[in-house]
Amino acid sequence: MTLAEAQRSHYEQAGDRAALEEAITLGSAAVDDLPAGHVDRAQAQASLAASLLLRYRHLGEPGDLTRAIDLCESAVAATPHRHPDRGVRLCALSSALLARFELGGRDPAALRGAVTSAEAAVAATPSSHRARAQVLGALATALRHAHLLDATSTTLSRAVRACQDAVEATPVGDAQHATRLTDLALLLAEQADPGAALHTARQAAAIDAAAPHTRLRAAHALGSLAARSGDWPTAAEALRNAVDLLPLVAPRNLTRADLENRLGDLGDLAGDAAAAALHAGDPKAALESLEHGRATLLSYALDARQELAGLRQLDGELAREWERLRDQLDGVSTGTTLHPDLRARLSEEADELIHRIRALDGQRGFLSRPTLDQLSDAADQGPVINLNISGYRCDALVVTRTDLLTVPLTGLTEQGLRQKLAEFLRAIAAGRSTERAVRLDAEATVAEILGWLWDTTVGPVLAALGLTGEPDPDRPWPRVWWSPTGPLNFLPLHAAGYHGAGYHGAGYHGAGYHGAGYHGAGYHGAGYHGARYHAQGGPAAMDRVVSSYTPSIRTLLHVRRPRRTEPERRLLAIAVPADANQRLPALPAAAQEARQVNNILGGHGMLPVPTRAMVLAALPWATWVHFACHAEVDPASPSASRLLLWDGSLQVTEISALATDHAELAFLSACSTARGSADLANESIHIASAFQLAGYRHVIATLWPALDKVCLEVAEEFYREVVRRAPPSVALHETIRGLRERFPNMPSVWAGYLHSGA
């Protein structure tokens, strides 16, 4: 194995993209250094092609795929027909062409080429060859895709036979045995042989010595096939096992970008595990799977700061031993795929070490699922409503002080929710149009979907909790915490309901948005000029409860952790009306907003020129921080989302690393600061959650772009409520209710603000 191949193997095992980049650099140098006709050039080309194909699957850069195919074709052309590696190189060409078909527009010619190359690879590889199973597996994969393109053909039965042959050609104990059994199980399911599919999937899932990602895929396949057959106990157990493998599949040592990539590939595993457990009649297991399998990156950070830190204090040697074993299991130490016997031995050592750690005082729950009793502690101030979205079913799992309540959301489906979300996001974008008619239609759509959200989701949950009307004026508002999953992360649950009708007219007057893109339609002071409203509201969440959000129950417990002393209020007000390069639209109200906040709270914490260095130096001192600036959301890499300062930016990773012990409130008066990535919706990676992880108990944030003048008014009224001794959640609630009272038919103006945290 060359050094380039070792680096590629390390990437395949551990997901470390730096290793893949090094493999490409080394491989490119090897190809460039070897002259045409050199005996080793074809192998170097094939090796580089494999690395480029992996990077293409990771980043989607078309140039990588084109170059990989060219290299594979050159390697095949340079390989004699009787050469022992000809079949392997044809197999690589088949995989590259299949990638062009899968990810490049479903080109039928590419698919035909993939099938032809795989057939030629099988023909060129004798049954005694070490790669026989590999080329048969490639043929099965290509034929399966051909069947999906033309279901009337006989290719599915050929795919099944090829996969069966691949399984037979793979020695028991081989690292690929579980992979090929899983492939066969999925093919048998497509062939409408559910009994054989389940039996084969059970075999795959029972191979404990397989690599973690292989074990997870096998468990996920078994769970999905069992669910399809209505065998919910089996489905629940298999999917629960898959969730338990998440820490090994996405190990902590990877970079944030690599972790995001791995987690994005897993889909809604935790949601499906929770739904299967509910079908199996076990709501406790459903909640535990949901909590264990979502917000993984947040959980890792909390573990690093709490569990592992606590272990280091108790027994530093055990902590170091655990980190060493964890890294070996993840393939970090060697950069190569572990032999099954070695992996099994290391797994046994890890299990024994975890047992020893849990025997220490205070370490009984080390790296274990949070229990229902632990999670129930979060409901001491009000119920925590976990909204689980799955293709199997949709439910609310409501944690109270004394009980776990399941509320089936029978009017909600995953597909229907995705359709409504797409409509909602289009309407929010259209609401920034300069055309009056477009804006009116957009507001009507937003209002309609808020009503739908009440009918299908929020209304049934509050009714189940007995929250069926506005509270008595002499009593405090009841509080609830929403912890949504999937597409619900992008919808304003706190604003669900029926808020008004009979809207006539609107005037927009040139203010900008606190985001990096739009500048045009705006808001002036106390109202939209020319607007007239005839409120005909109905039931609504904000008339029954004060709503807050949390990415997970563990995060809520984190921000509520006891402190030795309550911190004094030290305000840092940051306004960035323009950037140094004038790249972004000006925010004329931002400076006034920061001054008003400073005046209302009687602070002295304004930065004259908020540079990166000044902000990073001041944040550890401040207990309250207010940002009036632009923000940018990076959907492809949410950890790179950022607040924009005078001379740079403050990224999610930098914010979350602050780890302050006295932080109280972060008011993020900027665009979309509570919006993450659609591909990583359950991870809740966004600017607001970064401040929570840093230790801020309360975060005020936005789900979509916010108007400059609206930001000013919301901030002023919010802090006036705070001065009147309202908690931050109640202060925002009253502020938004006031805006709604004036503009009930313009929900896009006020519904995007939310409170997250304690």
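**View 1. Phe667 is buried, with a relative accessible area of 1%.** This close-up, like the others here, comes from a predicted model. Phe667 sits in strand E13 (residues 665–669), and its ring partner is Phe718 in helix H29 (residues 708–723). That partner is buried too, at a relative accessible area of 0%. So both rings fall under the 20% cut-off for buried. The model has seven aromatic pairs. In the one shown here, the rings of Phe667 and Phe718 are 5.2 Å apart centre to centre, with 70° between the planes. Since planes over 60 degrees apart count as edge-to-face, that's the label for Phe667 and Phe718. The pair ties together distant parts of the chain, as Phe667 and Phe718 are 51 residues apart.

**View 2. Phe627, Phe691 and Tyr696 join up in a ring cluster.** Look for the ring pairs here: they are what links Phe627, Phe691 and Tyr696.

**View 3. Helices H12 and H15 pack with their axes 8 Å apart.** H12 covers residues 232–244 and H15 covers residues 269–279. The angle between them is about 150°, which makes H12 roughly antiparallel to H15, because angles over 145 degrees fall in that class. The crossing of H12 past H15 is left-handed. On the H12 side, the contact is made by Trp232, Ala235, Ala236, Leu239, Arg240, Ala242 and Val243. Facing them from H15 are Leu269, Ala270, Asp272, Ala273, Ala276, Ala277 and His279. Sort the residues of this contact by type and you get 11 nonpolar, one polar and two charged.

**View 4. Ala192 has a positive phi, near 60°.** Most residues other than glycine have a negative phi, so this alanine is worth a close-up. You'll find Ala192 in the loop between helix H9 (177–190) and helix H10 (194–205). Is Ala192 buried or exposed? Ala192 is exposed, with a relative accessible area of 65%, which puts that residue over the 50% cut-off.

**View 5. Ser672 also has a positive phi, near 55°.** Like the alanine of the previous view, Ser672 is a residue other than glycine. Ser672 lies in the loop between E13 and helix H28 (687–694). E13 is the strand that holds Phe667 from the opening view. Ser672 is buried, with a relative accessible area of 9%, whereas Ala192 is exposed.

Terms used
Residues are numbered from 1 along each chain as its sequence is written. This is a predicted model: local features need pLDDT of at least 70, side-chain atom pairs count only at pLDDT 80 or more; totals for chains, interfaces and linings use all residues. Side-chain values use heavy atoms; hydrogens and water are left out. Axes are lines fitted to C-alpha atoms, for helices over the stretch in contact, and angles run from 0 to 180 degrees between N-to-C directions. Helices (H or I, at least four residues) and strands (E, at least two) are DSSP runs, numbered from the N terminus. Angles under 35 degrees count as roughly parallel, over 145 as roughly antiparallel, 65 to 115 as roughly perpendicular and the rest as oblique. A crossing is left-handed if the near helix is turned anticlockwise from the far one by less than a right angle, and right-handed if clockwise. Contact means heavy atoms within 4.5 Å. Ala, Val, Leu, Ile, Met, Phe, Trp, Tyr, Cys and Pro count as nonpolar, Asp, Glu, Lys and Arg as charged, and the others, Gly among them, as polar. Rings of Phe, Tyr and Trp (its six-membered ring) pair if their centres lie within 6.5 Å; planes under 30 degrees apart count as stacked, over 60 as edge-to-face and the rest as tilted. Buried means under 20% relative accessible area, exposed over 50%, partly exposed in between (1.4 Å probe, protein chains only).
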